[in-house]
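Please look through the structure shown here, taking the helices in pairs before turning to a single side chain.

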Amino acid sequence: HIMQEVLAKLPDLAPLVWSCYDHDAVVWVWSAAMGKWEKIMSAEGVMQGCPLGPVLFALGVLQMSVDLHADFPDAMGGAYLDDMPTVLPAGMVGAYLEALERRAAAIHLQLKLPKCHVHSQVEAAVHAAVGSLSQRHQDELQAQEPPLPLIAERGSSIGFGQLEGVRVLGGYLGEEEYRRDR
């Protein structure tokens, strides 16, 4: 899918992309359990750390984003690196999530629900967003180990999802356990 988009929208970039992605890549991962490096063959998607990755991801989801905006004109969003932040009314979260999941599957992307977040300064808006989720999505959130809280307070923001910390400019910000485990 991404190569088709590159050929259609950025044909001058195609030779470089092809040279980077015309073969499976080897990714080495340290296995603490085994005490050694393990080789994993990466055969789909963009490579972690590839400088082309963010632009290729954004290019790959561009049409999906345009289509979602046509279906949800009150939603505002985009693609940055490998994220798609979106601002929309709380009551639309469930329907938007369902549409996003369908459209993503059509281009071989899988939504990772535990990485999704709902934030609002108004607790009732978060409850409305959670209430708009399908039972399947609510069950998926609660099936995580440990279960994710549907409502968790973090400073002045209220939300659901994994909110323990983020990596910024090579450093880690967040809860002490999150920083220590990195």
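The paragraphs below treat two helix pairs and then one histidine, H137, in what is a predicted model.

Two packed helices are described by the angle between their axes and the distance between the axes. Starting near the beginning of the numbering, helix α1 covers residues 2-9 and helix α2 covers residues 14-21, and their axes come within 10 Å of each other while crossing at roughly 165°. Because angles over 145 degrees count as roughly antiparallel, α1 and α2 are described as roughly antiparallel to each other, and the crossing in which α1 passes α2 is left-handed. On the α1 side the contact is formed by M3, V6 and L7, and on the α2 side by A14, V17 and W18; by class, this contact has six nonpolar residues, with no polar and no charged ones.

The second pair consists of helix α3, residues 53-71, and helix α4, residues 93-106, whose axes come within 11 Å and cross at roughly 150°. These two helices, α3 and α4, are therefore also roughly antiparallel to each other, but their crossing is right-handed. Here M64, D67, L68 and D71 of α3 meet Y96, A99, L100, R103 and A104 of α4, and the residues of this contact divide into six nonpolar, no polar and three charged.

The histidine H137 lies in helix α6, which spans residues 135-142. With a relative accessible area of 0%, H137 is buried. Its side chain is joined to that of S134 by a polar contact of 3.1 Å, and, leaving aside residues up to four places away in sequence, H137 touches L97, E98, E101 and L113.

Terms used: Residues are numbered from 1 along each chain as its sequence is written. This is a predicted model: local features need pLDDT of at least 70, side-chain atom pairs count only at pLDDT 80 or more; totals for chains, interfaces and linings use all residues. Side-chain values use heavy atoms; hydrogens and water are left out. Axes are lines fitted to C-alpha atoms, for helices over the stretch in contact, and angles run from 0 to 180 degrees between N-to-C directions. Helices (H or I, at least four residues) and strands (E, at least two) are DSSP runs, numbered from the N terminus. Angles under 35 degrees count as roughly parallel, over 145 as roughly antiparallel, 65 to 115 as roughly perpendicular and the rest as oblique. A crossing is left-handed if the near helix is turned anticlockwise from the far one by less than a right angle, and right-handed if clockwise. Contact means heavy atoms within 4.5 Å. Ala, Val, Leu, Ile, Met, Phe, Trp, Tyr, Cys and Pro count as nonpolar, Asp, Glu, Lys and Arg as charged, and the others, Gly among them, as polar. Buried means under 20% relative accessible area, exposed over 50%, partly exposed in between (1.4 Å probe, protein chains only). A polar contact is a pair of N or O atoms within 3.5 Å; within protein, one must be able to donate a hydrogen and the other to accept it, and residues adjacent in sequence count only if both atoms are side-chain atoms.
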